[in-house]
Structure formats: C-alpha cells, structure tokens
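Grab a pencil and work through these exercises with the viewer open. Try each task yourself before you read its solution.

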Amino acid sequence: MTQIIAVRFKSGGKEYYFSPNGLNFEPGQGVIVETSRGMELGECVKGNTMVDETELLAPLRPVVRAATAEDYKTVERNKEKEAKAFAICQEKIAQHQLDMKLVEAEYSFEGNKVVFFFTSEGRVDFRALVKDLAGAIHARIELRQIGVRDEARMLGGLGICGRPFCCSQFLEEFQPVSIKMAKTQNLSLNPTKISGTCGRLMCCLKYEQDAYEDLVKRAPRMDSFVETPDGVGTVSSVNLLREKVNVRLEDDPETPKCYHNCEICVVRSGKGKRPEGYVAPPPEQLAKLRRVEEQEEQPRRQPEDRLSAALAQVLSHDEPEQDKPVPEQDKPVPEQEEHRRRRRNRSRGRGPRPEGEGHKSVPQPKPEEKKPAPAQQPAGEQKAEGDKKPNRNRHRHRRYRKPGGGQGAAPAQE
C-alpha cells in the first residue's frame, strides 16, 4: 500500500496523484509540486489516502511543500503578465497574417516560460511568430494547438440547458460521441439542436446511452409484425422510456392502439409483412397476452373521493381510545372494572378507604343480583325506602363512585 494525494491544477481539470512525502494535506489546501513543465501550484482535492501499488501506472513524484501566501501572490503577478502577453501575441499574429485563433496565454509558476494555446483548421507555420514573441516577452515561448472542445473547456460558458459547460465543471476526459447515439435516443437530427457551443455533438448524449441501449433490447423494432391481445398488426411507433408501442391492427389499421412491451409477441422483426402461411391464434389465446394491473381493475376515484378517504383515515387515527368500540372478548368483567376504579380513586386521593384491616375492599353485590326499580311507585313507598333524592348527576359522577355506601351505592336489598 502507498500513500497518495490527488492534485488538480485547473478548475474541472484532471486529477494527478503525488506522494505526500510524509506530510498531511487536506482537501482545498494549496501545494507546490514538480511536474514536467517545472514547479507548479495546485489544489489538493483528496487528502492522504492509501491505495494499492498495482493501481499506479507510473512512479509518483513527491510534493515539494505546502503553498504559502507568497506563492499565491506570485500566481497573481503571473496572471497580470498573461494579459499583457496575450495582447502582444494577438498583434504579432495579425502582423504575420496567420490563420489561427489565440485562446489563452499561460505563464509557468516560476515565470520563465509562456505557453500560448490556439485553434486552427489546419497546420500553421509559426516559426517566425515564435522569434518575434521571444524578443518581445523575453521568456521561453511555446505554442500549442488545441481542439474546439478544449477551447470551450478553457473559456467556459453556459450550455443550451442553462447550466455551465460539463467539460469546464467535472469532465476530466472527453468521451467519444456519435450521431448513432442521437438516433438511439429518438432525438432530432438537426445539428443546431444536438450540438454544443463548441460545434461538436453534446457530451451529455453519452450519459443515458447505456440505459437506452438496454431499453432497445427489450422493445420490438419498427414495422415488426406482432401479436397483440386485440389481434395481429404492425408496429408503427416505439416509446422506449415508457416501454410502450403503437400497433396498427389488420382489423382497424386507421386507429393505432397502444400496448406495453410485455403484451406484444413478435412474429417477424422489422419486416412489416405478414409471414407466408401464418395463421393468427384464436382471440381467446390472444386475450391471455393482456397485462392485468390492480390499478386498472379498481375504478379511478374522483379527487373529492380521495380527499374524503384521506380525511377519514386521519380522523380514525386521532379518535380517542374510549370512543372506539371494544370487542366482546376484550370487555372487562364488571368485578374487575369496579376493582380498577377503586384503585384509581385511591391513588388520586378521592373517597375514604373501606373499613377493615389493610386495604381489603368490601365485597359488593354482583350486577346480576341488582333489581331494577319499577317504572312508577306511589309517593308513600318512596318515603318508606328512605328520604333519598334522585341523583340527576349520577351519569356524570359515575366514574368516581365511592365504595362502601357513598354516592351511587347499590340499592338496599328487600
């Protein structure tokens, strides 16, 4: 295992691995490293990491040191020199009447070398230009021809999607893009719609190509002769993303019908003609190809019905426990309910404790032994039982019944 760090020299550029040389670096920290162009200042994008030696293609170069404030000032001074060198180079190109477009001028970190990037449709003889630039700038001169994609990466900008160029943001290497990708994805073949600002095919065509290739394998080809649940016909259009096809049936060719890929049985792929001697299966057998979905079987509810069902479900969750019906097997026995009520009253300090030793409760008569009072009684008999006034609040205070003869006690036995 070898310890490495990843360094990037430009925004959106490629990452390079270097040996930390026994130092610890964090992402975002500046480092000074030695490259093929000399000393360079880069940004650490990945801290100290252990990797297998077999993953490294070449020996690692060590990091010289961490960047300081003076190093960043040197970079700022080099940028000022780059602007002046860029203007001088444009004047020299115009004097020599060369067919080349200057893109960028870049000074090395040490300031002893200038690299000019340019684009051109063909080869350019710039030997005389290099001599004039060396005499005007007094530094080593290097002219490098690049492509239009590299030009877009250096200059940056916004694409037709409204976002910055992918090449200037995160693409480390350019992937090959062909017009076949646009055909597979059913895109318009108009060059102005599938080309980027650089004039080449958009790099984003490569992103979904693998998914489209997988969908094409599962979908029937155009003009294929197929069997459907409603009969036989020819495929007129294919929707890869929805995995559906439109089929013109032989019985009704003027009205194409839409089917899922799983409802289609291909008889002849891409030919468009009925095979000789082919006999269509009976309708009962073709009906078995129809896709059955639970959502299609259930009637679609109106928005009001769905809203009412959602509100009822929410209210059912918020319903208090005492309002919910209790099954018969879960209902407590009256004696157990009376015992629980007395224990709750004692814990809350309501009502005197029953007489006797300890906390023993006085036995109460069973509910089945109680005799209901007659509907109508003479006034004399009511006084004979006792001067009791009817308790109108009996239901209100039923929960806090006092044991041992209190309010709401059992009626006297005859």
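**Exercise 1.** Which strands does helix H3 (residues 148–155) lie across, and at about what angle does H3 run to E6?

*Solution.* Keep in mind that this is a predicted model.
- Step 1: find H3 and look at what it lies across, namely E6 and E7.
- Step 2: compare directions, and you get about 55° between H3 and E6.
- Step 3: try helix H2 (residues 127–137) too, which lies across E6, E7 and E8 and runs at about 140° to E8.

**Exercise 2.** Work out the order of the strands in the sheet and say which strands stand at the edges.

*Solution.*
- Step 1: the sheet is open and has three strands, in the order E6-E7-E8.
- Step 2: count partners. E6 and strand E8 (140–145) have a single partner strand each, so one side of each is left without a neighbour in the sheet. That puts E6 and E8 at the edges.
- Step 3: check the twist, which averages 20° from one strand to the next.

**Exercise 3.** The pairing in this sheet is mixed. Show where that comes from by looking at each pair of strands.

*Solution.*
- Step 1: take E6 and E7. They run antiparallel and are joined by six bridges. Lys 101, for instance, sits opposite Thr 119 in E7.
- Step 2: look at how the chain gets from E6 to E7. The two form a hairpin with five residues between them, and Gly 111 in the turn has a positive phi of about 80°.
- Step 3: now take E7 and E8, which pair in the parallel sense over six bridges. Lys 113 has Arg 140 as its bridge partner in E8, and Phe 117 has Arg 144.
- Step 4: put the antiparallel pair beside the parallel pair, and you have your mixed sheet.

**Exercise 4.** How many residues of E7 are buried, and which ones point each way?

*Solution.*
- Step 1: go along E7 and tick off the buried residues; you should get seven of seven.
- Step 2: sort them by direction. Lys 113, Val 115, Phe 117 and Thr 119 point one way, while Val 114, Phe 116 and Phe 118 point the other way.
- Step 3: zoom out for context. Across the protein's 414 residues, buried ones make up 25%.

**Exercise 5.** What lines the largest cavity, and what kinds of residues are they?

*Solution.*
- Step 1: a search of the whole structure turns up two cavities of 30 Å³ or more. The largest has a volume of about 50 Å³.
- Step 2: list its lining, which is Arg 37, Glu 40, Glu 106, Tyr 107, Ser 108, Lys 113 and Val 115.
- Step 3: sort these residues into two nonpolar, one polar and four charged.
- Step 4: match them to strands. Strand E6 (101–107) and strand E7 (113–119) each supply at least two residues of the lining.

**Exercise 6.** Find out where His 138 and Asn 186 sit, and decide whether each is buried or exposed.

*Solution.*
- Step 1: recall the usual case, in which most residues other than glycine have a negative phi.
- Step 2: check His 138, whose phi is positive at about 60° although it is not a glycine. His 138 is in the loop between H2 and E8. Its relative accessibility is 68%, so it counts as exposed.
- Step 3: check Asn 186, with a positive phi near 55°. Asn 186 is in the loop between helix H5 (179–184) and helix H6 (191–194). With a relative accessible area of 53%, Asn 186 is exposed as well.

Definitions and conventions: Residues are numbered from 1 along each chain as its sequence is written. This is a predicted model: local features need pLDDT of at least 70, side-chain atom pairs count only at pLDDT 80 or more; totals for chains, interfaces and linings use all residues. Side-chain values use heavy atoms; hydrogens and water are left out. On a 1 Å grid over the protein atoms alone, a cavity is a set of points where a 1.4 Å probe fits but cannot get out, and a pocket is an open set with protein on both sides within 12 Å along at least five of seven lines; lining residues have an atom within 4 Å of a point. Grid points are joined across faces, edges and corners, and a volume is the space filled by probe spheres set on the points. Helices (H or I, at least four residues) and strands (E, at least two) are DSSP runs, numbered from the N terminus. Ala, Val, Leu, Ile, Met, Phe, Trp, Tyr, Cys and Pro count as nonpolar, Asp, Glu, Lys and Arg as charged, and the others, Gly among them, as polar. Two strands pair if DSSP finds at least two bridges between them. Axes are lines fitted to C-alpha atoms, for helices over the stretch in contact, and angles run from 0 to 180 degrees between N-to-C directions. Contact means heavy atoms within 4.5 Å. Buried means under 20% relative accessible area, exposed over 50%, partly exposed in between (1.4 Å probe, protein chains only).
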